[in-house]
Structures are given as C-alpha cells and as structure tokens.
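Me: I am new to this structure and would like to understand the terms used to describe it. Please take me through the reasoning behind each one.

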Amino acid sequence: GLGAATGVLMEQAAVAAWAAAPEVGFEERVRQVKAGAAHLAELGFVEVHDLHTPQWMGPALAALERRGELPVRVRLYPAYDRIEEEAARAADYERRGGGGLVSLAGGKLFADGTLNSQTALVVEPYAGGRNHGTAMHTHAEVARAIARCDSVGKHLAVHAIGDAAVRLVLDAFQQVRPRTPGGRIEHCELVDSADVGRFKELGIACSVQPCHLLADVEVLTRTLPHVLHKVLPLRDLLASGLEAGDAARGLVFGSDVPIVRADPGDSVHAAVERRRPGGAASEAINAGQAITAEQAWSCFACTG
C-alpha cells in the first residue's frame with residue numbers, strides 16, 4: 001500500500017525500508033554505539049538522552065559500562081508502551097550493581113510528523129491548501145501515555161514539531177498534572193504565542209534543536225510563510241521564565257543526531273543568527289527571537 005519508491009523515502013515508507021534491512025549482531029551494535037558515544041564526547045557532550053530507545057540499546061550500553069568504555073552518561077527514553085517492561089529491567093540492572101552511567105529517564109511518544117512531509121500538525125494550514133498535518137495521537141491517548149509513565153515514576157517526552165501538536169501536548173499535561181517531574185516536549189519548531197508561557201506554568205521542559213532551522217529554511221518559507229513569526233520563539237520562551245539549561249522544566253538544546261549532525265555549534269549559530277552561515281541578514285527567519293551566544297550555550301549546559 002506504500003507504492004513504488006521514486007526518490008527520498010519519508011514517514012511509513014522509510015520505516016518499511018528500515019524494517020527490511022538485515023539486523024547486525026550484538027557485538028557490532030556495541031561497536032557502533034561505542035564509536036557514536038566517543039564522537040559525542042569529542043564534541044563536548046557529557047550526557048546523552050536517547051529518544052525512542054530500541055530494546056537492544058540498554059544491553060549494549062550496559063556492556064560498554066561494564067567494560068569501562070562508555071565516556072558519557074546516557075538516559076534512555078523507550079517507546080511509552082514499553083515503559084513498565086523497561087522500568088523493571090532498569091531496576092534489575094541497578095540491583096545488580098549498574099555503574100550509574102546508564103539509566104531509564106522516561107517514555108517517548110510522537111504527537112505529529114515532520115515539516116518536509118507536511119505532517120507536522122499546525123494550527124493554520126500549509127500554503128496552497130487545507131492540510132493541517134497529521135495528529136499521530138489524540139489528546140486522550142497522549143494523556144494516557146503521560147499517566148502510564150507517571151504510574152512507574154517516569155516522565156514522558158513527546159515529539160511535537162507543529163504549533164497545534166505542541167498545544168495538544170500541553171493540554172494533555174495540563175489535564176493529567178503528573179506527579180513525576182521532567183515532562184518535556186521535543187522540537188517545538190513552531191509555538192503559538194498563546195502557548196509560550198504554558199511551559200513554565202505547567203513545569204514542562206521545552207527541548208529544542210535550533211539547528212533544524214538551518215535545514216528547514218526552504219520548507220518554512222515555501223509552505224508556512226504566513227506563520228514564520230511562530231518559528232522557534234526562543235527569546236519569548238526565556239522571557240516567560242524558562243531557565244536556560246534546566247532539563248526538568250526549562251529551555252534546553254540538543255543535537256538530534258543522527259537526523260542532523262551533532263555539532264552543538266550549529267544550534268548556537270541558528271539560535272543567534274537565525275539563518276545559514278554566510279546568509280544575508282534579510283534571510284533570517286523570525287530574527288526578533290534571536291538570543292545571545294551565551295544564552296544559547298547555557299541551553300546546552302543542562303542540569304537536572
């Protein structure tokens with residue numbers, strides 16, 4: 001039902017292609033994870049949050065930790081519907097003397113898609129039509145996922161790129177009011193002004209990767225030229241009271257590797273200049289939301 005491949009594969013077509021690829025052995029996975037962790041450490045990262053963690057990742061990281069070959073702390077976020085199983089595994093690992101570098105942080109859920117496929121859920125439709133994107137979960141389903149993670153003392157991290165998806169997730173957190181701190185929304189590439197202050201009010205972290213702006217210039221200006229004022233409102237988020245670098249309830253930056261390269265300088269540049277390196281000032285997207293380099297680096301210096 002996916003049709004014939006004619007170029008770049010997106011969304012479910014990409015998932016189908018990945019599923020058809022042969023699996024590598026466990027030791028090869030360990031080798032690849034070791035190389036990736038070493039690269040991140042070279043770039044200055046001391047902690048990695050692995051979002052949508054596959055089942056093999058925990059054991060691979062544990063093997064590296066036992067061998068003394070893991071140069072960073074790693075916090076895991078498996079799919080929310082595996083949270084009970086993964087919480088039991090994490091507790092068993094700790095009982096058996098885990099070294100403290102690998103831990104289960106919470107669960108992961110996708111609320112919408114992406115900008116390039118026009119599946120990111122937006123309040124105002126994409127240019128040239130009535131398409132508002134795709135909601136991957138209903139409000140009720142997001143609320144149940146939050147409560148499910150909360151029931152085992154973990155928080156939920158939710159992928160939400162469009163402003164309508166961000167609002168849907170904030171509404172769900174407001175309904176559930178989880179006892180476990182640390183709930184977070186990932187990406188938040190578009191945020192409506194009416195929702196900017198709600199992160200602080202609800203104690204929800206806004207976890208963004210400004211580097212995506214560098215790759216999304218064309219799709220934003222072509223498909224969402226009427227809402228560029230909603231793109232990464234970093235200055236307003238900080239002004240609302242979010243603390244730069246507070247991973248539990250502030251404004252934090254991340255790499256989003258391997259979707260984009262891991263160099264944190266890309267996000268700092270995007271947050272400060274709001275345009276690609278070498279681009280004219282007139283090419284900046286939502287330039288009024290630029291922050292200082294010091295603020296941007298502070299968003300990478302995560303605590304909590």
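**Terms and the values behind them**

Reply: In this predicted model, α11 passes α12 in a right-handed crossing.

Me: What makes α11 oblique to α12?

Reply: Helix α11 (residues 264-273) and helix α12 (residues 293-300) pack at an angle of about 135 degrees, and their axes are 9 Å apart. Angles over 145 degrees count as roughly antiparallel and those of 65 to 115 as roughly perpendicular; the angle of about 135 degrees is in neither range, and α11 is therefore oblique to α12.

Me: Which residues of α11 and α12 meet?

Reply: From α11, P264, G265, S267, V268, A271 and V272 meet A293, A296, W297 and F300 of α12. These residues divide into 8 nonpolar, 2 polar and no charged.

Me: Why is α5 called oblique to α6?

Reply: Helix α5 (residues 139-150) packs against helix α6 (residues 163-176) at an angle of about 50 degrees, with the axes 9 Å apart. Roughly parallel requires an angle under 35 degrees, and roughly perpendicular one of 65 to 115. The angle of about 50 degrees meets neither condition, so α5 is oblique to α6. The crossing of α5 with α6 is right-handed.

Me: Why is Q209 called buried?

Reply: Q209 has a relative accessible area of 5%. Buried means under 20%, so Q209 counts as buried. Q209 is found in the loop between β7 (205-208) and α8 (212-215).

Me: What joins the side chains of Q209 and H187?

Reply: The two side chains are joined by a polar contact of 2.5 Å.

How values were computed: Residues numbered from 1 in each chain as written. Predicted model: local features only at pLDDT ≥ 70, side-chain atom pairs only at ≥ 80, totals over all residues. Heavy atoms only, no water. Helix = DSSP H or I, 4+ residues; strand = E, 2+ residues; numbered from the N terminus. Buried < 20%, exposed > 50% of the residue type's maximum accessible area, 1.4 Å probe, protein only. Polar contact = N/O pair within 3.5 Å; in protein donor to acceptor, adjacent residues only side chain to side chain. Axes fitted to C-alpha atoms, helices over the stretch in contact; angles between N-to-C directions. Left-handed = near helix turned anticlockwise from the far one by under 90°. Contact = heavy atoms within 4.5 Å. Nonpolar A, V, L, I, M, F, W, Y, C, P; charged D, E, K, R; others polar.
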